[in-house]
Amino acid sequence: MPVEVTWWGHATCTVEDSGVRVLTDPLFARRLAHLRRRRGALPPPRAAVADVVLISHLHADHLHVPSLARLAPGTRALVPRGTARSVPGLARRLPQLRFTEVAPGDEVPVGDVVVRAVPALHDGRRLPVGPRLAPALGYVISGEARTYFAGDTGLFDSMAAEVGDVDVALLPVGGWGPYLGHGHLDAGRAAEALARIAPSSAVPVHYGTYWPIGMDAVRPHEFHAPGLEFVRQAARLAPAVAVHRLLHGESVLPKAAR
């Protein structure tokens, strides 16, 4: 059965592999604090159907408690090690989920796939005042294909070695504001990461969905342009990789090497 990737917006994707539905960083809100969803309809109820959910780090747009509350009882949730101490009461607020804390190198079998946690270069604290107890993570989902979900990350020297051989890469190429700080990939840096990792296929994520209220006129190209710019930069730096720039809610059966 081919692997299918659906992008729901921001960093939220469904990866279906070997009959297992994997959901990444679910964010189903129309508004989150000072952010509002500017593009794409809210994900439909089927987006919340998953066997396992992967949380890359503790920022509220990646670990969003109301969105996690929509998941069915018994859904497994992989979270960075230290989450329980960093987000007190999380398990009490979400008793229907089965939480497993993981660190880079940990592998968790879920049905016929294995999920491996890998490092990410990002401030993974529960902001604004959370302690530095839980690292930011990426994940590699191995089944019929090997799919890398980068979460939020910057480039780091050991990225290719830590991720290993993968077929599909889900890479962040932008953000939710007019400026990207340390520990993020813009379109150019994401294309460089793509060249290092060298998958068969890639899907750009984490752009063109949320934007701060009242800032529509501030550097609007940072909202609209990252996906197309990633396609352009990837063609230059990693021409052998098939890049799939999806619309919100669109799915693709990416090419795998195996």
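In the predicted model, Pro109 stands opposite Val114 of strand S10, a pairing that belongs to the antiparallel arrangement in which four bridges join strand S9 to strand S10, the latter spanning residues 113-119. The hairpin formed by S9 and S10 has two residues between its strands, and within this hairpin Gly111 adopts a positive phi near 60°. Along S9, which covers residues 107-110, the side chains alternate between two faces: Val108 and Val110 are directed to one face and are buried, whereas Glu107 and Pro109 are directed to the other and are not buried.

Antiparallel pairing is also found in an open sheet of three strands, arranged in the order S4-S5-S15. Strand S4 (31-32) and strand S15 (210-212) form the edges of this sheet, each pairing on one side only. Three bridges connect strand S5 (residues 35-37) to S15 in the antiparallel sense, and Leu35 stands opposite Pro212 of S15.

Helix H7 comprises 12 residues (226-237), for which a rise of 1.5 Å a residue leads to an expected span of 16 Å; the end C-alpha atoms of H7 are 16 Å apart, and the model therefore agrees with this expectation. Pro226, Gly227, Phe230, Gln233 and Ala234 are buried in H7. Because these residues cover an arc of only 125° around the axis, they lie on the same side of H7. In general, an α-helix has 3.6 residues a turn, so residues three or four places apart point the same way. The face of H7 turned away from the buried side carries Leu228, Ala235 and Arg236, which are exposed. The cover over the buried residues of H7 is drawn from several elements, including strand S13 (168-172), helix H5 (187-197) and strand S14 (201-205), together with helix H6 (221-224) and strand S16 (242-243).

Phe230, one of the buried residues of H7, is also prominent in the analysis of nonpolar cores: in the largest core, which contains 53 residues, Tyr139, Tyr148 and Phe230 touch the most other members. The largest share of this core, amounting to six residues, comes from H5, a helix that is also among the elements covering the buried residues of H7. A second core, separate from the largest one, consists of 20 residues and includes Leu23, Leu58, Val79 and Leu90. As a general tendency, nonpolar side chains in soluble globular proteins are buried together.

Terms used: Residues numbered from 1 in each chain as written. Predicted model: local features only at pLDDT ≥ 70, side-chain atom pairs only at ≥ 80, totals over all residues. Heavy atoms only, no water. Buried < 20%, exposed > 50% of the residue type's maximum accessible area, 1.4 Å probe, protein only. Pairing = 2+ DSSP bridges. Expected span 1.5 Å × (residues − 1). Arc of directions from axis to C-beta. Contact = heavy atoms within 4.5 Å. Core = buried A, V, L, I, M, F, W, Y, C linked by side-chain atoms within 4.5 Å.
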